[in-house]
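Got the structure open in your viewer? Grab your mouse and follow along, one selection at a time.

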Amino acid sequence: MSAIILLKNANCNVTISKGEVISFIVDNEEIMHCKDAPGWNATDTEMFPVIGPTKINNYSIETPKGIAKQDQHGLLRELDYQLISSDTTTAIFEKKYVKNTLINNAKFPKKSTQEKLFWPYDFTFRKIISVSKNTLKIDFEITSEKGMPYMLGYHPSFKLAGFDTEIIKTADKEITLKDILNVGSAAYKVLNTDEIILIKNELPNVKIATKNFNNFMLWTEVNNMVCIEPITQYPSLETQEYSEKNMRISTGKEYFSVTISTL
């Protein structure tokens, strides 16, 4: 796969590296957090088949097919994307996993005692990235066995001016950057909503609209970026237990989308 793929139209440029969106520029303004800037060493990634930490529960996930071993945010990010196709406005990437295949855990041994990860279901995870007008759209298609429990999260990060004046707005609530910083690593939860607007002073305002996620987490530890993360469920941080009681159940093929637009 080519290291870099560029998508563009009249006023937008999207840069993709190995399936990761690393830049989204609209009218010469960068919207996304640069992975080399302070705050986080990525621009976007996915959380699957679990969201949140697993350490307290000995990295174990209960499924109808037995116990799986997953570290924080799942094993999907340990797999490499394969490029399926691309043109000037759309790129399609895919990850395939064969059930019970042992995957090296990148967090081991410095940040985790779990060396290998595995999941007792086959799945194919497709990420479709497209650009139109002032909009970046990310579609996800998950093909698996019916009955597979799962959680899905998309983890994009957005550039801020660094003045602590940004507001994240939902239909009925305004959340300040200080509110998010105060929550810390647990992430600020915003439940039962499909749309968030990031209001900024010196940079373009941004709308994040989703389908089929229904929830968000907000996270940052610095004032120059914020992660606005669509999620299917907010994880259980106290017990770190995961089962079909607190996960979704696959129908065999699931569809999700995230649309990021400037206002």
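Start by selecting Val26 and Glu29: Glu29, in strand S4, is the bridge partner of Val26. Before you go further, keep in mind that this is a predicted model.

**Stop 1: the four-strand sheet**

Stay where you are and bring up residues 20–26, which make up strand S3; S3 and S4 pair in the antiparallel sense over two bridges. Now widen the view to the open sheet of four strands, whose order is S1-S2-S3-S4, with antiparallel pairing. Which strands sit at the edges? They are strand S1 (4–8) and strand S4 (29–30), each pairing on one side only.

**Stop 2: a salt bridge from S3**

Next, select Glu20 and Lys35. These two form a salt bridge, with their closest N and O atoms 2.8 Å apart. Glu20 lies in strand S3 and Lys35 in the loop between S4 and strand S5 (46–47), so the pair ties together parts that are 15 residues apart in sequence. Turn on a surface and try this one: is Glu20 buried or exposed? Glu20 is buried, at 13% relative accessible area, while Lys35 counts as partly exposed at 30%.

**Stop 3: more salt bridges**

How many salt bridges does a search of the whole structure find? The count is six. For another one, select Lys127 and Glu46, whose side chains meet at 2.8 Å, N to O. This pair links distant parts of the chain: Lys127 is in strand S12 and Glu46 in strand S5, 81 residues apart. Lys127 is buried, with a relative accessible area of 0%, and Glu46 counts as buried too, at 3%.

Then jump to Lys65 and Glu145, where a salt bridge spans 2.6 Å, N to O. Lys65 lies in the loop between strand S6 (60–63) and strand S7 (66–69), and Glu145 in the loop between strand S13 (135–144) and strand S14 (149–150), so the pair ties together parts that are 80 residues apart in sequence. Lys65 counts as partly exposed at 39% relative accessibility, and Glu145 is partly exposed at 38%. Before leaving, add Asp44 to your view of Glu46 and Lys127: salt bridges that share partners join these three into one network.

**Stop 4: strand S9 and its partners**

Select residues 90–97, strand S9. Six of its eight residues are buried, so S9 is largely enclosed by the rest of the structure. Strand S8 (residues 82–86) runs antiparallel to S9, and four bridges join them. The two form a hairpin with three residues between them. Click Ser85 and look across: its bridge partner in S9 is Ile92.

S9 also pairs with strand S12 (residues 123–132), again antiparallel, through eight bridges. Here, pick Lys95 and find Phe125 in S12 opposite.

**Stop 5: another hairpin**

Move on to strand S20 (residues 195–199) and strand S21 (residues 206–211), which run antiparallel and are joined by four bridges. A hairpin joins S20 to S21 through six residues. Select Glu195, and you'll find its bridge partner, Ala209, in S21. In the loop between these strands, click Asn201. Asn201 is exposed, with a relative accessible area of 57%. How far apart are Asn201 and Ala161, C-alpha to C-alpha? The distance is 7.9 Å in space, although they are 40 residues apart in sequence.

S21 has a further pairing to show you: six bridges connect it, in the antiparallel sense, to strand S25 (residues 253–262). Look for Lys207 opposite Ser261 in S25.

**Stop 6: a buried arginine**

Now select Arg248, in strand S24 (residues 248–249). Arg248 is buried yet has no salt bridge; the nearest side chain of opposite charge, Glu254, is 5.9 Å away. What does its side chain reach instead? One answer is the backbone oxygen of Asn212, at 2.7 Å, and another is the backbone oxygen of Phe213, at 3.1 Å. Show what surrounds Arg248, leaving aside neighbours within four places in sequence, and you'll see contacts including Met148, Tyr150, Thr232 and Phe256.

**Last stop: the cysteines**

How many disulfides does a search of the whole structure find? Zero. Select Cys34 and Cys227 to see why: the sulfur of Cys34 is 13 Å from that of Cys227, its closest cysteine sulfur, which is too far for a bond. Cys34 counts as partly exposed at 43% relative accessibility, whereas Cys227 counts as buried at 0%.

How values were computed:
Residues are numbered from 1 along each chain as its sequence is written. This is a predicted model: local features need pLDDT of at least 70, side-chain atom pairs count only at pLDDT 80 or more; totals for chains, interfaces and linings use all residues. Side-chain values use heavy atoms; hydrogens and water are left out. Buried means under 20% relative accessible area, exposed over 50%, partly exposed in between (1.4 Å probe, protein chains only). Two strands pair if DSSP finds at least two bridges between them. Lys and Arg count as positive and Asp and Glu as negative; His and the chain ends are not counted. A salt bridge is a side-chain nitrogen of Lys or Arg within 4 Å of a carboxyl oxygen of Asp or Glu. A polar contact is a pair of N or O atoms within 3.5 Å; within protein, one must be able to donate a hydrogen and the other to accept it, and residues adjacent in sequence count only if both atoms are side-chain atoms. Contact means heavy atoms within 4.5 Å. A disulfide is a pair of cysteine sulfur atoms within 2.5 Å.
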